Amino acid sequence: MSKILVINAGSSSIKWNLFSDKLEVEAKGVAQRIKMASGILTLDYKGNKTDTITELPTFLVTVKKLVEMWKQEGIISNFNEIGQVAFRVVNGGPNLRKTSEVTEENLTHLVNSIDLAPVHNPGAIEAIKAFKEMLPNAKMTMHFDTAFHSTLPKVAYTYPINYSITEELNIRKYGFHGLNHHYIALKSEEILGKKGVNVVSLHIGNGASLCAIQNSQSIDTSMGFTPLAGVMMGTRSGDIDPSIIAYIMKQKNMTIDEVMKMLNEQSGMLGVSQLSSDMRDVGKARLENEQAQFAMDLYAQRISDYLITYLNKIKGKVDAIVFTAGIGENDDYVRESVIKNINLLKLKIDDEANKNRNFKDYKLISTADSELPIYVIRAEEEMYIAKEASTFFK
């Protein structure tokens with residue numbers, strides 16, 4: 001029976017999962033710290049987890065090294081075993097708003113939308129092209145981070161700029177991380193034992209976004225027209241005064257492309273800390289490095305500001321606050337810092353539960369007297385994508 005390979009390329013990582021026809025994970029792994037000094041290839045296969053330190057200068061090189069690893073480890077004896085490859089794609093633009101088959105026409109739409117996700121889409125396109133060449137007989141689908149946010153009301157997705165330009169150029173808030181935010185809504189329904197949950201989902205990784213979810217639908221989200229908007233991230237600035245762009249161009253004699261590259265690739269945690277885009281590096285240094293501590297304080301404050309805003313947007317009782325994704329799942333200091341910044345509500349974290357990393361798919365980290373329950377739910381974008389992919393061609 002055919003297997004499903006799910007490829008999830010983030011801004012500095014590539015996750016991959018190989019699913020059986022029964023949607024059971026047979027092997028998985030992740031490439032981390034892409035475009036950084038030293039990359040990590042993690043393989044989880046047959047109960048063994050191994051890390052390989054190697055250079056990962058580009059997404060294309062990373063994909064090639066992953067394929068070499070699969071061959072060496074005998075994960076797949078015949079690549080024709082893979083009947084379908086499903087790609088997580090950040091933004092397909094106005095023409096690709098729901099799960100779509102990989103065709104030349106749709107790839108053209110994706111290429112034409114690179115400017116809407118300049119950090120993510122190039123890697124996704126390289127991965128798609130590489131696997132098309134390797135697996136010419138496999139069916140392929142693209143699953144978009146923007147799809148869950150198609151329920152945003154007009155007042156949430158419209159920018160207050162010239163309306164005729166908005167209409168002409170399809171300028172709107174697209175929103176991202178929708179695959180995981182949607183999964184969080186569904187998983188919250190399961191945990192809370194109810195349909196139609198009201199939660200704020202905090203997807204905090206190298207890229208980060210918050211989503212206000214009402215009745216299990218997205219009603220607002222922090223990323224916008226591109227994944228550059230919203231909270232401070234690993235290398236991205238998040239929201240800034242747009243006049244800063246013109247000011248930097250004039251003062252530093254920089255082109256618009258140079259400034260946008262700086263905002264996407266040299267800002268955020270990396271730009272403020274002057275140390276690293278990786279929270280693990282900055283976290284280790286914060287006790288001895290004043291700038292590293294300040295970067296973490298600023299990071300938490302930006303997230304807290306969005307959290308309180310989105311709690312206010314939800315009409316009716318809020319069921320929970322949910323942390324998810326790499327930092328959201330693993331960094332107890334960041335979670336504690338974000339919650340401590342909230343003053344309008346009496347939110348309390350259980351210190352022992354917050355620090356405990358020995359949990360499966362979710363854990364409750366708030367105390368019994370916290371005004372709202374606070375959960376950590378592991379991101380499962382790959383399983384969500386695999387389920388979508390398994391029914392797409394039926």
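A bit of vocabulary to start: Ala, Val, Leu, Ile, Met, Phe, Trp, Tyr, Cys and Pro count as nonpolar, Asp, Glu, Lys and Arg as charged, and the others, Gly among them, as polar. Keep that handy for the pocket, and keep in mind that this is a predicted model.

With those classes, take the second largest pocket, whose lining has 14 nonpolar, six polar and two charged residues. The space inside that pocket comes to about 610 Å³. Its lining counts 22 residues, and the ones closest to the centre are Y159, F225, A229, D239 and I240.

Now head back towards the start of the chain, to a run of strands. Strand 2 (residues 14-19) and strand 3 (residues 25-32) are antiparallel and held together by six bridges. If you want a spot to zoom in on, W16 has G29 of strand 3 as its bridge partner. Five residues sit between the two strands of this hairpin, and in that turn L23 shows a positive phi of about 60°.

Strand 3 then goes on to pair with strand 4 (residues 39-45), again antiparallel and with six bridges. Here V30 is the residue standing opposite T42 of strand 4. This pair is a hairpin too, with six residues in between, and R33 in the turn has a positive phi of about 60°.

Further along come two helices. Helix 2 (residues 104-111) packs on helix 3 (residues 121-134) at an angle of about 155°, and their axes lie 10 Å apart. Since angles over 145 degrees count as roughly antiparallel, helix 2 is therefore roughly antiparallel to helix 3. As for handedness, the crossing of helix 2 past helix 3 is left-handed.

Conventions:
Residues are numbered from 1 along each chain as its sequence is written. This is a predicted model: local features need pLDDT of at least 70, side-chain atom pairs count only at pLDDT 80 or more; totals for chains, interfaces and linings use all residues. Side-chain values use heavy atoms; hydrogens and water are left out. Two strands pair if DSSP finds at least two bridges between them. Helices (H or I, at least four residues) and strands (E, at least two) are DSSP runs, numbered from the N terminus. On a 1 Å grid over the protein atoms alone, a cavity is a set of points where a 1.4 Å probe fits but cannot get out, and a pocket is an open set with protein on both sides within 12 Å along at least five of seven lines; lining residues have an atom within 4 Å of a point. Grid points are joined across faces, edges and corners, and a volume is the space filled by probe spheres set on the points. Axes are lines fitted to C-alpha atoms, for helices over the stretch in contact, and angles run from 0 to 180 degrees between N-to-C directions. Angles under 35 degrees count as roughly parallel, over 145 as roughly antiparallel, 65 to 115 as roughly perpendicular and the rest as oblique. A crossing is left-handed if the near helix is turned anticlockwise from the far one by less than a right angle, and right-handed if clockwise.
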